[in-house]
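Please look through the structure below, with the sequence beside it, before reading the paragraphs that follow.

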Amino acid sequence: MFPSFEKLIAVIFTVVLGLCAIGRPDLVWKGIAQMRYHALREVSKPWGCPSVFNKGACDSYDPRKYK
């Protein structure tokens with residue numbers, strides 16, 4: 001795994017454990033619900049042109065190219 005990813009997981013775990021220790025596990029669930037809401041809202045948006053190298057690739061369609 002990536003070292004920075006492992007550190008991020010450790011920080012998130014520490015925050016969750018700390019919130020549970022002080023008696024506020026509701027904040028954990030509110031945060032999860034908020035992240036889920038924003039993630040699902042972003043999925044429904046159009047993704048745009050999938051071409052990384054040619055931004056004008058979605059402006060025109062050449063059917064001969066895709067036979």
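How much area does the protein expose, and what share of it do carbon and sulfur atoms supply? The protein exposes about 6600 Å², of which carbon and sulfur atoms supply 68%, where accessible areas come from the Shrake-Rupley method with a 1.4 Å probe and, for residues, only the protein chains shown count as cover. This is a predicted model, in which local features need pLDDT of at least 70 and side-chain atom pairs count only at pLDDT 80 or more, while totals for chains, interfaces and linings use all residues. Residues are numbered from 1 along each chain as its sequence is written, and side-chain values use heavy atoms, with hydrogens and water left out.

The protein holds two helices and zero strands, taken as DSSP runs numbered from the N terminus (helices H or I, at least four residues; strands E, at least two). Of its 67 residues, 1% count as buried, a term that stands for under 20% relative accessible area, with exposed meaning over 50% and partly exposed in between (1.4 Å probe, protein chains only).

The largest pocket contains about 190 Å³ of space. A pocket here is an open set of points on a 1 Å grid over the protein atoms alone, where a 1.4 Å probe fits, with protein on both sides within 12 Å along at least five of seven lines, and lining residues have an atom within 4 Å of a point; the volume is the space filled by probe spheres set on the points, which are joined across faces, edges and corners. I12, V15, V16, L19, L27, V28, G31, I32 and M35 line this pocket. Helix 1 (3-21) and helix 2 (25-43) are the elements giving two or more residues to that lining, and helix 2 gives the most, with five residues.

On the surface, F2, F5, L8, I9, I12 and V16 make a nonpolar patch of about 560 Å², a patch being built from residues with over 30% relative accessible area and no salt bridge, with nonpolar side chains (Val, Leu, Ile, Met, Phe, Trp, Tyr) joined within 5 Å. V16 lies in helix 1 and, at 31% relative accessibility, counts as partly exposed.

Two salt bridges are found in the whole structure, each a side-chain nitrogen of Lys or Arg within 4 Å of a carboxyl oxygen of Asp or Glu. One joins the side chains of R24 and D26 (3.1 Å, N to O); R24 is partly exposed at 37% relative accessibility, as is D26 at 31%. Another joins E42 and R41 (3.9 Å, N to O).

Methods: Patch = residues over 30% accessible without salt bridge, like charges linked within 9 Å, V, L, I, M, F, W, Y side chains within 5 Å.
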